[in-house]
Amino acid sequence: MTLKIAVCVKYVPDATGDRGFADDLTTDREAVDGLLSELDEYAVEQALRISEESDDAEVTVVTVGPDDAKDALRKALSMGADKAVHVNDEDIHGSDVIATSAILAKALEKTGFDLVVCGMASTDGTMGVLPALLAERLNVPQVTLLSELSVEGELVKGRRDGDSATELLEAPLPAVVSVTDQSGEARYPSFKGIMAAKKKPVEELDLDDLDIDADEVGLAGSWTLVDAVAARPARTQGTIVTDEGDGGKQLAAFLATQKFI
Amino acid sequence: MGKDFDLYRPSEEHDMLRESVRALAEAKIAPFAAAVDEEGRFPQEALDALVANDLHAVHVPEAYGGAGADALATVIVIEEVARVCGSSSLIPAVNKLGSLPVILSGSEELKAKYLGPLAKGDAMFSYALSEPDAGSDAAGMKTRAVRDGDFWILNGVKRWITNAGESEYYTVMAVTDPEKRSKGISAFVVEKSDEGVSFGAPEKKLGIKGSPTREVYFDNVRIPADRMIGAEGTGFATAMKTLDHTRVTIAAQAIGIAQGALDYAKGYVKERKQFGKPIADFQGVQFMLADMAMKLEAARQLTYAAAAKSERVDGDLTFFGAAAKCFASDVAMEVTIDAVQLLGGYGYTRDYPVERMMRDAKITQIYEGTNQVQRIVMARNLP
């Protein structure tokens with residue numbers, strides 16, 4: 001039996017660019033180049049490693065995004081994924097994480113999966129809740145924020161490093177997992193990989209293909225609505241504590257007024 | 001007008017390759033470039049990173065286990081590595097230079113035997129043509145190969161051999177018939193482990209200090225006759241044909257080094273403030289940057305055109321290879337000198353990378369034929 005691994009990836013504005021919002025307060029995709037979210041590269045890497053360890057596995061990368069999101073899929077395919085699914089529909093524009101998870105869940109059900117691998121968060125929205133939402137919608141176990149991941153038989157196993165403890169977790173397949181940036185460096189696409197990516201299948205799906213009504217998703221179907229955005233205020237000069245024997249007290253008082261202690 | 005007009009631009013795959021190599025080079029090669037230069041040590045980190053990502057010898061055809069990259073893709077790999085570290089860019093560049101004689105003229109057996117380990121990253125390949133008294137006049141070489149039954153016995157000295165001692169394999173040109181001058185020269189594959197092969201002390205150089213340059217000595221080196229590349233007496237022709245292709249890779253190195261210097265200077269002039277504003281606001285500085293970018297882009301276009309000709313083996317490749325190498329290396333020298341100038345006193349210190357780039361650029365005007373020799377080649381092959 002082929003182990004079917006699906007990796008959810010997101011096309012995001014380059015975090016090193018000058019990111020902003022469009023007139024409708026959604027992400028401005030015109031001003032800044034987009035790319036595969038760096039945190040999702042770790043998910044692709046882990047999926048590829050499991051696939052390489054397995055006798056028979058197939059890695060499908062799945063994204064929900066505009067036309068240019070094919071660049072993110074292309075990158076994942078050039079890293080070594082076998083095929084891609086691109087859910088693209090004008091009515092998806094403005095979907096929040098709740099709506100996106102609904103679309104992804106339908107796409108994953110249609111594609112089929114034994115294991116869904118996600119990054120720990122996107123580098124633009126940085127919510128980090130999508131894996132949990134997906135698991136709930138797909139009605140499968142979730143094992144999130146893993147720094148190590150493996151598939152052994154019918155089990156997915158992983159290690160979650162917390163602040164005070166490390167947990168060793170496992171769940172029966174099918175399951176949804178997310179991996180952190182500590183899980184292992186993502187590979188760089190090789191020339192062969194890049195050339196091969198061109199020939200790999202990319203399935204295009206729209207909302208009709210997934211039996212989703214337009215008003216369930218997009219700006220209309222989202223639970224969150226952005227009312228206004230404001231640029232972060234410029235950093236002001238810090239407070240300088242002059243130590244005249246009571247420096248420690250002054251410092252503590254300052255931290256207390258800022259509610260740090 | 002339309003965005004899908006595909007002339008005069010690399011393909012999407014070539015752009016993706018650049019993106020991939022740039023990310024790798026910045027993360028895995030750039031952090032060691034200063035130390036490699038300072039300590040004059042081989043850039044092992046770069047070799048490891050290039051091998052791990054199958055970028056150390058992308059030109060090797062797929063039939064022999066390689067990535068099968070075309071000449072433009074190979075140029076892009078070399079260019080992007082050179083952008084952060086000139087010494088490291090000699091890994092993919094010299095792997096192509098050393099092995100191209102085998103690819104162009106070698107028997108199937110030689111190709112199968114030597115290209116596989118090169119493609120896998122188990123061995124590097126160097127090129128041994130120059131000698132102490134035979135540089136520009138390479139045909140005046142003295143290294144001799146004498147037939148002995150099913151073997152050839154080599155004696156002589158090769159000088160200025162890049163990656164000597166690090167490479168497992170060497171393409172060596174040697175005289176097999178002294179009467180015939182250039183038509184009496186044959187090419188051989190010599191292995192580092194062949195008895196009688198030894199290496200001189202590393203040269204103390206101005207630049208590319210991380211890439212070992214040493215003499216290679218052949219003291220009664222006895223190699224099987226099937227190590228000859230092509231027929232007897234064709235070695236010099238193979239050597240020259242090789243250079244037609246690989247001069248394009250030197251041009252790639254030159255534009256990479258120049259791009260690294262320009263990128264650094266561009267960032268610096270926006271940060272550096274004098275008279276109350278960034279020096280980038282001064283027209284004198286802007287004009288310098290404009291000239292640097294203009295020359296560099298012209299060099300890049302010529303190099304890419306030459307790379308395409310190398311891949312197609314066009315009739316005018318000899319002119320284009322020489323022109324690209326000569327022009328790009330002269331531009332690299334000018335651009336890196338100007339980058340040092342833009343950084344002023346800081347540019348003159350080893351705390352900033354542009355002086356290293358300036359020193360590294362100089363060699364591109366000298367090796368694989370000095371730029372004076374390139375002009376001779378161009379003049380003899382005018383389009």
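Q: What makes a residue pair across the interface of chain B and chain A a polar contact, and how many such pairs are there?
A: The rule finds six pairs, with both residues at pLDDT 80 or more. Each has N or O atoms within 3.5 Å, one able to donate a hydrogen and the other to accept it; residues adjacent in sequence count only if both atoms are side-chain atoms. This is a predicted model: local features need pLDDT of at least 70, side-chain atom pairs count only at pLDDT 80 or more, and totals for chains, interfaces and linings use all residues. Residues are numbered from 1 along each chain as its sequence is written, chains are lettered from A and ligands numbered from 1 in the order written, and side-chain values use heavy atoms, leaving out hydrogens and water.

Q: Why is the meeting of B:Glu13 and A:Lys198 called a salt bridge?
A: The N to O distance between their side chains is 3.8 Å, and the rule asks for a Lys or Arg side-chain nitrogen within 4 Å of an Asp or Glu carboxyl oxygen, so the pair qualifies. Across the interface of chain B and chain A the rule finds four salt bridges.

Q: How many residues of chain B and of chain A take part in the contact?
A: Chain B gives 20 residues and chain A gives twelve, contact being heavy atoms within 4.5 Å.

Q: What is the count of polar contacts and of salt bridges between domain 2 of chain B and domain 3 of chain B?
A: Three residue pairs are in polar contact, both at pLDDT 80 or more, whereas the rule finds zero salt bridges there. Eight residues of domain 2 of chain B touch eleven of domain 3 of chain B.
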